[in-house]
Amino acid sequence: SVKKFIIMNVSIVIPTYNRKPILKKCLNALENQKLSKNVGDYEIIVVDDGSNDGTNSWIRNNHEILPHVVLYEQEHGGPALGRNLGVMMSKYEIIIFIDSDLIVLDNFINCHVEKLLASWRKNDKKCFTYGSVVNTSNFLNPQSEKHKIMDTSFAYFATGNVAISKELILSVGLFDSSFSLYGWEDLELGERLRKQGTRLIKCPKAVGFHWHPPFDCEQIESLVAQEKERANMAIVFFKKHPNL
């Protein structure tokens, strides 16, 4: 039997806040994708969440090296609001969510699209693909990091590296913007997807390298503050989904 040939278009949604140095690497990697015949076009939607480090002016002034990038700006309201704006403004039928400190390989879009299409061909759009995330503190060459046992994630839906049908994400109602601080908004959307019977499809070849600065003691205060925010958001999650 002849495989039905399908061409898909992709909208990559990236919220960002004061991450200009690593965002440059993130966008450069996304502009250098080698596309297969299954991928028609793609856009990179950057939602600037009120940055004050010159992110938006840098994007506006570099259109020639960022031809796929579409910039939207909002007042500082958190990643849930940013991702929702990105989805609402997106043009295409596949949404890929990544974080602005993720640097991907050049086959990244292809890997997600091919895995999704394999499921969609069976008329099953109730699924999403989950790529692999390799943690690194190597800023100069993040892609040289090897996959470590600590990089294994057991989350069901985490927006560091997932692809999903736009239709499906709209049907469950986007991200809950009451998650205004750090954490949990993607896990909560995942809980709604899970309740609808959505399948997680592992996509290990869609690799993203998640950069964070090497640890030093000066970070402790901000890390503690981040964990306090995460704890507050856990309470919001538990009120919506009182389960384990």
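Biologist: Which residue in β8 does L102 stand opposite?

Modeller: Bear in mind that this is a predicted model, where local features need pLDDT of at least 70, side-chain atom pairs count only at pLDDT 80 or more, and totals for chains, interfaces and linings use all residues. Residues are numbered from 1 along each chain as its sequence is written, and side-chain values use heavy atoms, without hydrogens and water. β5 (residues 102-104) and β8 (residues 199-211) are strands (DSSP E runs of at least two residues, numbered from the N terminus), and they pair (at least two DSSP bridges) in the antiparallel sense over 3 bridges. Across from L102 in β8 you'll find H210.

Biologist: How many bridges join β6 to β8?

Modeller: These two strands run parallel. As one spot to look at, F128 stands opposite L200 in β8. The number of bridges joining β6 to β8 is 10.

Biologist: How many of the residues in α4 are buried?

Modeller: α4 is a helix (a DSSP run of H or I, at least four residues) covering residues 108-120. Buried means under 20% relative accessible area with a 1.4 Å probe, protein chains only. Among the buried ones are F108, C111, L116 and W120. Out of 13 residues, the buried count is 10.

Biologist: Which residues is H147 in contact with, leaving aside its neighbours within four places in sequence?

Modeller: H147 sits in the loop between β6 (127-136) and β7 (161-165). Its C-alpha is 19 Å from that of T159, 12 residues apart along the chain. Counting contact as heavy atoms within 4.5 Å, and with those neighbours set aside, the partners of H147 are V134 and T152.

Key:
The expected span of a helix is 1.5 Å times one less than its number of residues. Buried means under 20% relative accessible area, exposed over 50%, partly exposed in between (1.4 Å probe, protein chains only).
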